[in-house]
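Me: I have a model open and would like to learn how to read it feature by feature. Where should I begin?

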Amino acid sequence: NYFYPLDTIPKVYLFRDVANGLDEFFQRLYLLTDSEGSHLIVETYSSDGRITEALNYNIDSLDIMDHMVVNRSGEKTKAEVFKTKLIPFDENEETWFATRFQGFLDSTLILKEIKRNIIGTEFSHKVLDKKVPTIKMKDKVRMTNFNPFTKKETVLEGESINYFAKGYGLIEWHTPDKKVHYRLEKVMKQEDWIKLMSR
């Protein structure tokens, strides 16, 4: 119930940074059915309409089937997915998502790991000016940047708090100190979003 809506008609979510109102990004959601079954694609776009990544969720298990990341040359590349769980089903479960893809400098590789658990269940939260039942999850994020030639690696770790609302999916996320804080501002039809991006 707290996952994204499953609809073959694409929807676009506009997220705005509460801490810095000029910063925004988009998520485009749509359901596909093929020989592998039904799956939901969640694509992320920058404020100027450039795609940055896409996650492909299996509808039955909510496992990640594929992860696409745009590399430093602007090309879509298929990441290696080692751990497929990103959506926990109850408070006792900690999911683990791990994916490796090309870095943004030279020939580096990035291993991104997200461990997620539910920290608050079924409270009322404001979504687009109305109160909606919501659950809260915490992500522990670890990014390992590895250079295969020099064998050097650097590790960055952080946390985020994510809010998933009934009938919407992700509607808000922020760092613990709220220096980065994105909130769903609008749900758009795909054609309206395309018009907005072509201005």
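Reply: Begin with confidence, since this is a predicted model. In the protein chain, helix α1 (residues 190-197) has the lowest confidence, with a mean of 89. Strand β7 (residues 80-84) has the highest, at 97.

Me: What is the mean pLDDT of the protein chain, and what share of its residues reach 70 or more?

Reply: The mean is 92, and 99% of the residues reach 70 or more.

Me: Next, the interior. Which residues have the most contacts inside the largest nonpolar core?

Reply: The general idea comes first. In soluble globular proteins, nonpolar side chains tend to be buried together. Here the largest nonpolar core has 33 residues. Phe3, Tyr4, Leu40, Tyr57 and Tyr168 have the most contacts inside it. Strand β11 (residues 153-165) gives the largest share of this core, four residues. Another core lies apart from it, with ten residues. Leu14, Phe26, Ala54 and Val70 are among them.

Me: Take Tyr57. Which residues is it in contact with, leaving aside neighbours within four places in sequence?

Reply: Tyr57 contacts Phe3. It also contacts a run of residues from Ser38 through His39 to Leu40, plus Val42. Leu62, Asp63, Ile64 and Met65 are on the list too, as are Leu86 and Ile87.

Me: Now strand pairing. In what sense do β11 and β12 pair, and over how many bridges?

Reply: They pair in the antiparallel sense, over five bridges. For one bridge, look at Phe164: its partner in β12 is Leu170. The two strands form a hairpin with three residues between them. In the turn, Gly167 has a positive phi of about 85°.

Me: What does β12 do on its other pairing, with β13?

Reply: β12 and β13 also pair in the antiparallel sense, over three bridges. His174 stands opposite His181 in β13. This hairpin has six residues between the strands, and Lys178 takes a positive phi near 60°.

Me: Why is β12 called largely enclosed by the rest of the structure?

Reply: Count its buried residues. Strand β12 covers residues 169-174, and five of its six residues are buried, so the rest of the structure largely encloses it.

Me: On to charge. How many salt bridges does a search of the whole structure find?

Reply: Side chains of opposite charge can pair when their charged atoms come close. The search finds 14 salt bridges here. Asp48 and Arg50 form one of them, at 2.9 Å, N to O. Asp48 is partly exposed, with a relative accessible area of 47%. Arg50 is exposed, at 54%.

Me: Which parts does the salt bridge between Glu94 and Lys140 tie together?

Reply: Their side chains meet at 3.0 Å, N to O. Glu94 lies in strand β8 (residues 94-102) and Lys140 in strand β10 (residues 130-146), so the pair ties together parts 46 residues apart in sequence. Glu94 is partly exposed, at 41% relative accessibility. Lys140 is partly exposed as well, with a relative accessible area of 37%.

Me: What other charged groupings deserve a look?

Reply: Try Lys126 and Asp129, whose side chains meet in a salt bridge at 3.8 Å, N to O. Asp129 is exposed, with a relative accessible area of 68%. Then find Arg16, Glu24 and Glu185, which are linked in a network of salt bridges.

Me: Is Thr77 buried or exposed?

Reply: Thr77 is buried: its relative accessible area is 14%, and buried means under 20%. Its place is in strand β6 (residues 76-78). A polar atom of the Thr77 side chain lies 2.8 Å from the backbone oxygen of Val69. Not counting residues up to four places away in sequence, Thr77 touches His67, Met68, Val69, Asn71 and Gln102.

Me: Last, separation in sequence against separation in space. What is the distance between the C-alpha atoms of Lys189 and Tyr13?

Reply: Those C-alpha atoms are separated by 9.0 Å, while the residues are 176 apart along the chain. Lys189 is in strand β13 (residues 181-189). It counts as exposed, at 54% relative accessibility. For another pair, take Ile9 and Leu32: 23 residues apart in sequence, 9.8 Å apart in space, C-alpha to C-alpha. Ile9 is found in the segment before β1 (11-17). Ile9 is exposed, with a relative accessible area of 57%.

Key:
Residues are numbered from 1 along each chain as its sequence is written. This is a predicted model: local features need pLDDT of at least 70, side-chain atom pairs count only at pLDDT 80 or more; totals for chains, interfaces and linings use all residues. Side-chain values use heavy atoms; hydrogens and water are left out. A nonpolar core is a set of buried Ala, Val, Leu, Ile, Met, Phe, Trp, Tyr and Cys residues joined through side-chain atoms within 4.5 Å. Buried means under 20% relative accessible area, exposed over 50%, partly exposed in between (1.4 Å probe, protein chains only). Contact means heavy atoms within 4.5 Å. A salt bridge is a side-chain nitrogen of Lys or Arg within 4 Å of a carboxyl oxygen of Asp or Glu. A polar contact is a pair of N or O atoms within 3.5 Å; within protein, one must be able to donate a hydrogen and the other to accept it, and residues adjacent in sequence count only if both atoms are side-chain atoms. Two strands pair if DSSP finds at least two bridges between them. pLDDT is the predictor's confidence in each residue, from 0 to 100.
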